[in-house]
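Me: I am new to this structure and should be grateful for a close look at one part of it, namely the largest nonpolar core. Please set that part in the context of the whole chain.

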Amino acid sequence: MSAEILAFPSGASSDAQPGEAGRGAPAGALPVLVGCSHGTSDLTGRDVIRALLDDVRAARPDLDVREAFVDVQQPEVADVVTSVVSPSAAVGDPHGSAAGVAPGSAAEGAQPGDAVVVPLLLSAGFHVSVDVAAAVEDRGPGSGRAAASAPLGPDPRLVELLADRLADAGLRPEDAVVVAAAGSSRPGAARDVEELAAGLRERVPSPVTVGYGAMAKPSVPDAVAAARADLAPGGRVVVAAYLLAPGFFYDRVLEAGGDVVTAPLAPDPRLTAIVLDRYAAAASTLAR
């Protein structure tokens, strides 16, 4: 059974290059915002995440906004943070070029600054508690400070955004909704997704269950099959993709047996607002 795929929201563009915006901005007192996503080999997925960060730059042109990753893509989040809080170490590191720092560049001789890593992730899973946490560890005397914000979810605005995606899909009361999340080995991530699902149940007329792409159960295909077994006459299984962008997990969701699959969440002005709220909260801890 092939699923109907809803169109992606407008706003993703392939014109901008990674790290291009904000790189030439003069150094200031404000911490650098490091938007850290998982990373993907999907070119459209890369464009979508870049569009989200471009929206952040447009909303806050006073901020230096940089892109980083925990897997698949470069630069690694730890390298980007090092290039801000300890630029001389980044220049001397053989991996410094991965953070966009090279000998003889404008960054050589730069003064240490502060950085806030905003995980562009929807729940507090392994990458938040391990990779991002390690990236903001103290670099020692003479270095700037770094902090990590909470991930983007859970947040009531994500509930609203996912409900809008379902409305775009023409959700009907007789349909069943399966929220498809990436999944994590960390229990906190599942709790975050369940909180999102609980909020969604208050917003939509259909029953709502959850499935995971990996590391947690039920899997998305199993959740879809269970929803179909209890489906009302004439109803459809509508899979609500609780994912920021297309990529590996979204491809698996498309193959999970749903009748309709919603588009990923990004880009959207509400995501931009969440990113900036997370940044502000973490930056305030550096000001103490």
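Reply: The model shown is a predicted one. Its chain contains nine helices and nine strands. Of the 288 residues in the chain, 50% count as buried. Among contacts between residues at least 6 apart in sequence, 77% join residues at least 24 apart.

In soluble globular proteins, nonpolar side chains tend to be buried together. Here the largest nonpolar core has 49 residues, and those with the most contacts inside it are Leu200 and Tyr242. Two or more residues of this core come from each of helix 1, strand 4 (115-119), helix 5 (156-168), strand 6 (176-181), helix 6, strand 7 (208-212), strand 8 (237-241) and helix 9 (269-286). Helix 9 makes the greatest contribution to this core, with eight residues.

Leu200 merits a closer view. When its neighbours within four places in sequence are set aside, Leu200 is in contact with Val159, Leu162, Ala163, Leu166, Val177, Val179 and Val208. A second, separate core comprises 16 residues, including Val34, Val81, Val84 and Val132.

The largest pocket may be considered alongside the cores. About 870 Å³ of space lies within this pocket. Its lining consists of 42 residues, of which His38, Leu121, Ala182, Leu243 and Phe249 lie nearest the centre. Helix 1 (43-59), strand 3 (65-69), helix 4 (126-135), helix 6 (187-201) and helix 8 (248-254) are the elements that give two or more residues to that lining. By class, the lining of the largest pocket has 25 nonpolar, 14 polar and three charged residues.

Note on methods: Residues are numbered from 1 along each chain as its sequence is written. This is a predicted model: local features need pLDDT of at least 70, side-chain atom pairs count only at pLDDT 80 or more; totals for chains, interfaces and linings use all residues. Side-chain values use heavy atoms; hydrogens and water are left out. On a 1 Å grid over the protein atoms alone, a cavity is a set of points where a 1.4 Å probe fits but cannot get out, and a pocket is an open set with protein on both sides within 12 Å along at least five of seven lines; lining residues have an atom within 4 Å of a point. Grid points are joined across faces, edges and corners, and a volume is the space filled by probe spheres set on the points. Helices (H or I, at least four residues) and strands (E, at least two) are DSSP runs, numbered from the N terminus. Ala, Val, Leu, Ile, Met, Phe, Trp, Tyr, Cys and Pro count as nonpolar, Asp, Glu, Lys and Arg as charged, and the others, Gly among them, as polar. A nonpolar core is a set of buried Ala, Val, Leu, Ile, Met, Phe, Trp, Tyr and Cys residues joined through side-chain atoms within 4.5 Å. Buried means under 20% relative accessible area, exposed over 50%, partly exposed in between (1.4 Å probe, protein chains only). Contact means heavy atoms within 4.5 Å.
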